[in-house]
2 protein chains.
Amino acid sequence: MLEKIDLTKKLDKNEYKKRMPQLEAQLGRLQRECKELNIPIMIAFEGYDAAGKGLQLGELIHALDPRGFQVHAVKKETEEEAMRPFMWRFWTKLPAKGRIALYDSSWYRKVLIDRFDQKMKDKDTQSAYQSIRAFEQQLTDGGMLMIKLFLDIDQKEQKKRFKKLLDSKETAWRVTPQDLARNKEYDRYTAINEEMLQETDTDYAPWTIIEANDRRFATVKIYTTVVNAMAEQVKKAKKPLENKSKIIPLVADPYLETSTLSKVDLSLSYTREEYKERLEKLQSKMEKLHGELYRKRIPVVLGFEGWDAGGKGGAIKRLTEKMDSRGYVVNPTASPNDIERAHHYLWRFWKNMPKAGHVAIFDRTWYGRVMVERIEGFCTTEEWQRAYKEINDMEKDLTDAGAIVIKFWMQIDKDEQARRFKERQQNPDKQWKITDEDWRNREKWDQYEAAVNEMLIRTSTPKAPWVVVEGNDKYYARIKVLETVVEAIEARLK
Amino acid sequence: MLEKIDLTKKLDKNEYKKRMPQLEAQLGRLQRECKELNIPIMIAFEGYDAAGKGLQLGELIHALDPRGFQVHAVKKETEEEAMRPFMWRFWTKLPAKGRIALYDSSWYRKVLIDRFDQKMKDKDTQSAYQSIRAFEQQLTDGGMLMIKLFLDIDQKEQKKRFKKLLDSKETAWRVTPQDLARNKEYDRYTAINEEMLQETDTDYAPWTIIEANDRRFATVKIYTTVVNAMAEQVKKAKKPLENKSKIIPLVADPYLETSTLSKVDLSLSYTREEYKERLEKLQSKMEKLHGELYRKRIPVVLGFEGWDAGGKGGAIKRLTEKMDSRGYVVNPTASPNDIERAHHYLWRFWKNMPKAGHVAIFDRTWYGRVMVERIEGFCTTEEWQRAYKEINDMEKDLTDAGAIVIKFWMQIDKDEQARRFKERQQNPDKQWKITDEDWRNREKWDQYEAAVNEMLIRTSTPKAPWVVVEGNDKYYARIKVLETVVEAIEARLK
């Protein structure tokens, strides 16, 4: 989830001053409502050292009635705690109904810091994840609202903050040698965090990533997340049968939204000569690697999604041009037919998964569930919310079986799409490519963009990543797709 | 789950002839209803070799309209299948909505036979369990009815059946060397089955154990299980909001019920001399072992449940008499107080879990959830059905942390209870022990017995077993408790 996060997010002072009084008032009111409705709440602050967990927790409780909450600072286990199962200390620190417990670092400590320190075996880590999931499921099944915040800062920012702390006598003691070790090995620690997020991002207790390089931004996003989650839970408590969904929606707010797409540099391009030269090289590499894949029995799954007229077809064509046609299949995905509709939505994709040594390319994919089906209401809210985990589980089955899995998002901007639509309409050979539906979808651009941003974050995993392709220039896009596939195969064969 | 199964169950011919026509008619009718309601159904037949999986599957489809079902015999993977993720072959064999798929051996093959053949690493086994749970959850979330049957026969019966098959030329080919190996190492194979049952007995796809030593009994129990499950699903499909529970209730039928309690030999007893002699020996052993536990930092959790006046108090007293009082705590469990009621039902038990080297004894336990709370309606059906898994998860956290966990059920019969109640009423020193509630509970004896039987099966695990104590003779009961604890500690210290 972290690799898709945009840490340049900032909030200007005026916007901050405008929003905070409102948020504080809302939070206070919701605390009272939750108390009356007997809703217990747990808020966990996790994330990088010096990301501001303690500070942000302090900001949040400003708006709370102090008689209704308790803060737990989770440090190294005490002797008493070390002598019991590792979840014991959290079971004994649960909030009662109607109360709020806040955790400065939490039950995830064991699978993060202890793992970094290599105190955990693989088998124990798996079993710890299972205990954590059971803990969270049991509590949320019992009516707990569980809010999990992950404060994200980059290596450079972290180093800067440590330096500032070390420079002053009063604060130097706060930076431990372990903190510095984790900064030095930021990438290794990040891989541990990524795995943890993937293993424990569930529909009953989802993670919210907080971009924390900018303090004001983080505060407002945390307040907004907590307020939204509490408002949802209150709604559910009042009408339990109609409101079964548990997920906390990503903050839908142009200021706060975690947007991957808005950061894409669409000016990237190649000249025709550059394109030709690269294309030839990459295609002949691809031809050779395809044979290698076959001999080494490695399956490959490539998914293509993107805006209408985003260039999926062209990219797939260039990718496969020199490949042995017996070794790959392109699966186009249209609306499901009657037989497909009579099965689980993943069934038709499972059926077409490649065997070892083969390449399966999907032109549109199982991600339809969290895009078109979500937006057009072809499935229930509960269903698309559950789908992130279902899709991650499916892709994990594929990568566990040795597959290379890559998903491409072909990104273009709205103007470029308009240009391509018109071109298609005017060109008799391309008119079949453009339908009324394309124009209708275009009207819902903003809704799609929000859904795509959420999808990219929740389903980009280290082993099955999303690759966003800068698509305004077709040459650039095609080369990037080919390059990405070639590099992934080369990395595997090494 | 298997250790509590009573394989002496039989059904006489008349009862069989009386029941079958009814069940067949019901099954046919329900198949039509499920078709109309678009309910897809998967029925998996697992269990020991020669337990009659194929034969019973054949019996079941007699009553089905052949246009509405398909049978899949799951053998070793084909070459095509081996080249894909292991769940692929099952994803491609899903029934469409309104149809039934039957599996003669199933997606569990990998975690049973492959494991027995030591083709799987521990880590891969864990990951296979996770894939299986994800598969079953995704499908049942999508409206699938999943019925999982485990056909249980004992080692002797299995050997007899193999012999019979081998004696005839026409059938000898059906017995493979692998079958015979699994019979020879029946205990090792059983441990693998036990773990599998524990890891995959969920509220959305629970296991039903079929006692299969007697063929007629097995047929009727399978029909009854399938009919009940389909009827439940039909009810749910018609009123989705009111019927959210997914578990298939154990067959509540005096003929078919899986009863552990009815098999207990309550005539077991000791004379006063035998008792005195054993008691003294065991208590001094216990005293020594208690010190050892402390030095080795092993925590011990002992739960006591049983009928009112079943002898819990007396047994606990004899157990602890010679133990160092600083090293154990007896936690009595009454109705929850206000603070306890404001928390998750497991919270008050977690709080009292022992630290390493200490012994925690619970006089009544967390199992109240699936007994008194279930029967008196203090929790919802969904809540107590979910509790089996929740309790197993909690006990797994304890045993993972190194604890010895044993649960005792103090069994007496109804006459003995009446005798003890009266004695208590007549003895001024014991009158406080007997209340009106005890008499009220006694009236619900049959309901409690059914709940206890289900509890014993669903929550007796190899690492946290239930021990049923024959309690009509108090001497016998006390010695058995002491003996069990002493042996468990000795086994651990070895």
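## A loop residue in chain B

Let's start with one residue: B:D154 sits in the loop that links strand 4 (145-152) to helix 7 (155-167) of chain B. Helices (H or I, at least four residues) and strands (E, at least two) are DSSP runs, numbered from the N terminus. The model is predicted, so local features need pLDDT of at least 70 and side-chain atom pairs count only at pLDDT 80 or more, while totals for chains, interfaces and linings use all residues. Residues are numbered from 1 along each chain as its sequence is written, and chains are lettered from A and ligands numbered from 1 in the order in which they are written.

Is B:D154 buried or exposed? B:D154 counts as partly exposed because it has 18 C-beta neighbours inside 10 Å; 20 or more would make a residue buried and 12 or fewer exposed, with C-beta atoms placed from the backbone. Leaving aside residues up to four places away in sequence, B:D154 touches B:L7 and B:N213 (contact means C-beta atoms, placed from the backbone, within 7 Å). B:N213 is 59 residues from B:D154 in sequence, yet their C-alpha atoms are 7.5 Å apart in space.

## The sheet next door in sequence

Strand 4 belongs to an open sheet of five strands in chain B, ordered 2-3-1-4-5 with parallel pairing; two strands pair if DSSP finds at least two bridges between them. Strand 2 (69-73) and strand 5 (207-211) stand at the edges with a single partner strand each, so one side of each has no neighbour in the sheet. From one strand to the next, the twist averages 20° (axes are lines fitted to C-alpha atoms, and angles run from 0 to 180 degrees between N-to-C directions).

Strands 4 and 5 of chain B run parallel and are joined by five bridges. Here B:D152 stands opposite B:E211 of strand 5.

## Two copies and their contact

Chain A superposes on chain B by a rotation of 180° with 0.0 Å of shift along the axis (RMSD 0.0 Å), using least squares on C-alpha atoms of residues with pLDDT of at least 70 in both. The two copies are thus related as by a two-fold rotation axis. Both use the same surface, since 100% of the contact residues of chain A recur in chain B.

The contact takes 39 residues from chain A and 39 residues from chain B. On the side of chain A that touches chain B, helix 6 (122-141) is one of the elements giving two or more residues, and helix 6 gives the most, with nine.

Terms used. Contact = placed C-beta atoms within 7 Å.
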